[in-house]
Every structure is written in C-alpha cells, then in structure tokens.
Amino acid sequence: MNKAVEQGNPQNTELSFSDEEVKRWTPSRRDFLRILGAGASVAAFSPLTAFANNGGPGAGSLRSQLVQDERFWESVNRMFILNPNKTFMNIGTAGSMPKLTLDLFDEENRERAKESLSGYSNLLTQRTRVAPGFGVDPDELAFSANTSSGMCHAILGLDWKAGDVVVTTNHEHPGGDTPLAIAVARYGIEVSRIALPVGNNQTAETYADLFTQRISQLRASGKRVRAMMWSSPTYKTGTMLPLVELMNVAKANELISICDGAHLPGMMALNYANLGMDFMSGAGHKWQCGPGSTGILVIRNKIRASNPLPLPKWFPIHTSSFPTAAQSGVRTATSTFDVGSVVTSCGSLHTPMFNALVKACDIWDEIGRKKIETYDLTLSAYLKERITERWGVTRLYSPKDDPRLVSALTSFNPFHNPADVLDSAKSTAFVTRMLNDYPKGFVIRNVNVPVIGSERDHYVIRISTHLWHSVSDVDRLVDAMWDLSKKMA
Ligand SMILES: Cc1ncc(COP(=O)(O)O)c(C=O)c1O
C-alpha cells in the first residue's frame, strides 16, 4: 500500500488505493509524490496529521500548508473558464467543466451533428477508463443522469416486500428521499429516520451507535430491517457520515447498504471495492466537474472480503437491455451480469456528454484524486478554523475535529444574533448580499437543517471549497462574511 496515500487519507486506510492504481493517476509516480509533497511534508500537508494531536491545528498552520503548493493550484485554476468577477463556492450544487473538457464536448457535438450520429452504446470503453479511479471494475460502474437518477436505479430496482424497513436519517436529500417515498407508496416499505447531531461535538462512533441502536430497537419490536440509506456527506451540514463505520454496521446486521454520495466523485478519493457498499450514487456535474446530466453509480456486483454478504436481489428499472441473467433479479458470486452496462445503456445516449465526463475524470486522475481531496479538505479545515476564531466553534454545524467526519462542505451560522439562524428570509438575504455587495461576489448557498431540540429548522450558510480556490479566496470570504454579519446585526 502506498504510504503517502495512507497518510494523506483522513478516512480509514482500508479505503486506500494500491500503488498500481495510484500510478495511473499521474504521468509518473515521482510527479504524484512531488504534487502531494513526499516524505515529511506529506505528513505536514495531511489534514489527518493536522487533526491528530489536539483537535484543531489552528488556522496559521493550515494556511502555511496550503500556500506551499500555491503555484500548482494557480495553474489548476487556469484550467477553468469561471467568470473572474465572481468567486464560485457552491460546487455542492454545480461544478464547472475545465476548458479541455469543454473543447472535447464541443468538438464531439459538432461531429455528431455533422455526421448525424446516434449513441446506441453501453459505453464500456469509457467506463473501463473511469472505473479504476473509483477502485472498481467496469461492470460495477454505470453512468447515470445524476445522483437522483442513480438513487432511483438503486432503490426502485430492489425487490421490496411490504413491511421491509429502511433505516435512514433526517438530513437526506430529495434525490434519495423521493425514490424511498415511491417504494413506501408502491411496495409498502417503512422508513425509520435517525435525527442527526450537528456541530463539532461528535465522532464517527456517534453514527455507528445511532444506527446500531435504531436497528436493534426496530428488531426488538419485531420489525424486518432490510436496508440502510445515508448521505456521505450530507448536503445540509457537510458531515461525512463515516463510510467504514456505517458499512461495519450494515455488514454486522446483514443489511443492504445505499449511499447517497452526490458529493463524493471529484471530492474524495475513495476505493469502492474496498468499502463494499451495495450502491453509491454520485454526481458527475458537481465536484467531478463533468457536464450537467451526468452521474456515477457504483453497484456492488462481486462478493469480496470487504463485503461478504450475498448481492441483493435487484432488477434494472431504466434500460434497453434485459439479459436473461438479469431476469430473476438474483446475482450470485458465480452468476451475475454486467450491471454497469445494463444501467448505462438506455436507448440512444448523448455520447459527447459522457465522453466529456470521462475527460473530466482523466484530468482528475492526472492531477491525483488524493491530491485534490487533501487540498479541498485542507481549505475547508482552514475555513472552519477561521470561522472558529471569529465566531466561535459553536457556530459550526459541520464537524471539524474528527477527520472521519469532514468533507469540503462547511456549514455555519454567521449571524451576530445567533437566533437569526431561524430566519429563513434573513439567511437568503445574507446569500444574496454576499454575491452583490462585495468585489468578486461570493456564490454560496443556505440550507435548512433540522436540529435536535429545536422546533424550527435552522437556515445555515453552506460553503464549498474546491481545487480552483486559493487560501486568499477563503480569507476574502471570511472577511466579507464578518463584515456582512455586522451590517445585518
Ligand atoms: C446529498 C445530495 N443528494 C442528491 C442530490 C441531487 O443531486 P443531482 O442533481 O446530481 O441529482 C444533491 C444535490 O445537491 C445532494 O446534495
């Protein structure tokens, strides 16, 4: 296992990629190590190390780690055509295609128009290219229309029985909640929601305990619990529900595991074969910076040591290919079918769009997925420390000190009077003024968060930090938010 990758990974080392896989990410291993900052400086740059000692590295040390590779990230920034008059910090809603991706998309669209081409394909060649970046085989990776479409493929393809219970959370996105609601209406399944904590005072064990307790309670009352569904990270607080810990709970309880991973592709460098969840539905158009209407859906299609449970019975629900092997819905270790191809092929596809997604994935592999993850998380850690310095740690709705729970989404309450976080209109005005009232206006968003003990939702501000940002973007953002919070007091 590559030591640099292990050290740089704030998650469990089980999620890491092998040396062979990592080599594919950059033109050369030496370049990869240079980019990451080999040896001692790897440890210095790693959020894991930063968090390890005292539950918070302080903004100063994170800042100096971030500026070490500033010129490299400036060159990455120049790969995008982002409007220079704005600062785009809502990647959690929309990414932006790099120039090279746009060029390919444009050329292929023109070629398609010129030659009146169709798109009947399962895109096996393209999926074969992309799959190693996610640690899986091509039959386990499908191209979907987006996260929501992937969640429909996953949830509505399962053979639900009336009374089956899905344990999930109260911070899910409609992208997962909607197919769940359809399964309730159509098959009579039941949904049990765990109320999630917010803020820094939590650890990965909190989530393992919450899910384990709920499953035990339900089973003790005679309920048939069949699946767990959760977001990693949630779109509300950016909390990375801990994948290893939740997968351990799913396996111990022999449950189907469904992860809404809208924000994972392009943000986190994860090996899904090692994680072993049954379904991970991610977006291609957010952090991965592919075109709109693209998604990456990973479906477990092999029994590995990472998840020895039988493959769940599952039928394709949106396809123009229904091979005999799929018709029973049963997949076994010795008999399954190419799930990735079946899910991907549905009539004539917009091949330029998916080829553009592949191009975006190529660029990520070349930069190094781990390098991007480390940068994104370190920027977010820096932002969280700056917020803590100015507003106090209690204003964070995202955790910061357990590296297993962090993502590049940062949610907090910026208001001078903390109770204003209940005021949806004021929260929306804050977002609007951050765009309009400051030079290089900030594109951020707000989001409602159900909070334990509060009758009303909180309307927090959510910020995304990604590979086109610099530490000075974060500094300008914090100063502007501080200024605006005083003006809106
Ligand atoms: C957690 C989560 N799930 C699902 C979605 C829906 O994503 P998509 O537009 O890719 O369907 C989002 C969008 O922001 C999200 O944050």
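Around the ligand in this predicted model sits a shell made up of Gly92, Asn146, Thr147, Ser148, His173, Tyr235, Asp260, Ala262, His263, Ala283, His285 and Lys286. Sorted by class, that shell comes out as 3 nonpolar, 7 polar and 2 charged residues. Several side chains in the shell come up against ligand oxygens. Thr147 puts a polar side-chain atom 2.8 Å from an oxygen atom of the ligand. For His285, the distance between a side-chain N or O atom and a ligand oxygen is 2.7 Å, and for Lys286 the corresponding value is also 2.7 Å. As for burial, the ligand on its own has 400 Å² of accessible area, and the protein covers 90% of that.

Next come the open spaces, with the protein atoms taken alone. Rolling a probe the size of a water molecule over the atoms shows where empty space is left. The largest pocket holds about 260 Å³ of space. Its lining runs to 17 residues, and those nearest the centre are Asn77, Leu82, Lys440, Trp468 and Asp473. Two elements, α7 (70-77) and β1 (86-88), give two or more residues each to this lining. Helix α7 has the largest share, with 4 residues. In terms of chemistry, the pocket lining is a mix of 7 nonpolar, 5 polar and 5 charged residues.

Closed spaces turn up too: the whole structure has 2 cavities of 30 Å³ or more. The largest cavity has a volume of about 80 Å³. It is lined by 14 residues, with Glu140, Tyr272, Ala273, Arg300 and Arg304 closest to its centre. Both α14 (272-275) and β8 (295-299) supply at least two residues of that lining. The class count for the largest cavity is 7 nonpolar, 3 polar and 4 charged residues.

On the aromatic side, a search of the whole structure gives 9 pairs. One of them joins Phe143 and Phe354, and it counts as stacked because the ring planes are at 5°, with the centres 5.4 Å apart; the cut-off for stacking is an angle under 30 degrees. Phe143 belongs to strand β2 (residues 141-144) and Phe354 to helix α16 (residues 351-367), so this pair ties together parts of the chain that are 211 residues apart in sequence.

Finally, the backbone has a couple of oddities. Most residues other than glycine have a negative phi, and most peptide bonds are trans. Against that background, the peptide bond from Ser232 to Pro233 is cis, with omega near -10°. Pro233 is found in the loop between β5 (224-231) and α13 (243-252). Glu254, a residue other than glycine, has a positive phi, near 55°. This residue sits in the loop between α13 and β6 (256-260). Helix α13 thus borders both spots: the loop with Pro233 runs between β5 and α13, and the loop with Glu254 lies between α13 and β6.

Technical notes: Residues numbered from 1 in each chain as written. Predicted model: local features only at pLDDT ≥ 70, side-chain atom pairs only at ≥ 80, totals over all residues. Heavy atoms only, no water. 1 Å grid on protein atoms, 1.4 Å probe; cavity = no way out; pocket = protein on both sides within 12 Å on 5 of 7 lines; lining within 4 Å. Points joined across faces, edges and corners; volume = space filled by probe spheres on them. Nonpolar A, V, L, I, M, F, W, Y, C, P; charged D, E, K, R; others polar. Near = heavy atom within 4 Å. Polar contact = N/O pair within 3.5 Å; in protein donor to acceptor, adjacent residues only side chain to side chain. Areas by Shrake-Rupley, 256 points an atom, 1.4 Å probe, with all protein chains shown as cover. Phe/Tyr/Trp six-rings, centres within 6.5 Å; stacked < 30°, edge-to-face > 60°.
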